[in-house]
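Visitor: I've just pulled this one up and would like a quick tour. Could you walk me through it?

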Amino acid sequence: MDESNIVDLIAIETATPKRRITRSAGAIYAVLILLIIGCISLGNLLYDRLQISRYITQPALYLIIAASGYLLYRRNFIRFRYTLTNESLAIEKIGTKETTLAVISLRDIVGIYGADAGRKPTGRVVHATLMPAKRSTRVAAREDGVEATFAIGASESFIHQLNEAWQRAKNDLDPKID
């Protein structure tokens with residue numbers, strides 16, 4: 001007789017940026033257009049007043065525009081989804097496309113702690129949060145023998161459920177049915 005493995009969904013949460021007037025697409029485009037016009041004007045001003053060559057100012061100003069555009073995109077259009085089952089924690093990045101950042105077996109988790117716990121992350125660090133680093137929760141796990149730390153920005157209730165599921169997985173190392 002075949003035995004099928006049933007996975008129970010415990011919780012799912014999507015971390016989205018707070019909605020404000022500056023989060024609308026129209027406001028973002030207006031800010032980017034004003035930034036471009038301001039950078040061009042600043043480049044012209046530097047050339048007229050200080051005789052600084054445009055070959056120097058333009059690349060620097062274009063880098064400022066590109067960096068600002070990336071930061072606006074990251075702050076306004078990227079979301080993260082955390083899915084908790086009785087066996088794993090999945091972390092996904094949702095932007096123009098969905099990308100799975102990690103699927104962590106609960107048995108592979110080494111620790112769950114706040115960023116203010118004073119523990120330095122070792123190995124690879126994945127930031128999957130919209131919160132400041134000081135307010136995020138860190139999940140340390142072993143991936144292919146190497147420890148990786150995932151900074152997540154889930155709610156307190158989700159973190160509580162994650163802790164409970166992790167403790168159950170640690171205590172139930174071999175859940176085979178006889």
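**A guided look**

Guide: Sure, and keep in mind that this is a predicted model. Mean pLDDT for the protein chain is 80, with 87% of its residues at 70 or more.

Visitor: Which element has the highest confidence, and which the lowest?
Guide: At the low end sits helix H2 (residues 54-77), with a mean of 79. The highest value, 90, belongs to S3.

Visitor: In what order do the strands of the sheet line up?
Guide: There are 4 strands in an open sheet, paired antiparallel. Strand S1 (9-15) and strand S4 (98-105) each pair on one side only, which makes them the edges. Reading across, the order is S1-S2-S3-S4.

Visitor: How many bridges join S2 to S3?
Guide: Strand S2 covers residues 79-85 and strand S3 residues 88-94, and the two run antiparallel. Within this region, Arg81 stands opposite Glu92 in S3. The bridge count is 6.

Visitor: Which strands does helix H3 touch?
Guide: Helix H3 (residues 156-171) packs on the sheet, with its direction at about 145 degrees to that of S1. The strands in contact with H3 are S1, S2 and S3.

Visitor: Which element gives the most to the largest nonpolar core?
Guide: That core has 27 residues, and those touching the most other members include Tyr82, Ile91 and Leu162. Tyr82 also has contacts beyond four places in sequence, among them Ala11, Ile91, Ile152 and Phe158. As for the top contributor to the core, with 6 residues, the name is H3.

Definitions and conventions
Residues are numbered from 1 along each chain as its sequence is written. This is a predicted model: local features need pLDDT of at least 70, side-chain atom pairs count only at pLDDT 80 or more; totals for chains, interfaces and linings use all residues. Side-chain values use heavy atoms; hydrogens and water are left out. Two strands pair if DSSP finds at least two bridges between them. Contact means heavy atoms within 4.5 Å. Axes are lines fitted to C-alpha atoms, for helices over the stretch in contact, and angles run from 0 to 180 degrees between N-to-C directions. pLDDT is the predictor's confidence in each residue, from 0 to 100. A nonpolar core is a set of buried Ala, Val, Leu, Ile, Met, Phe, Trp, Tyr and Cys residues joined through side-chain atoms within 4.5 Å. Buried means under 20% relative accessible area, exposed over 50%, partly exposed in between (1.4 Å probe, protein chains only).
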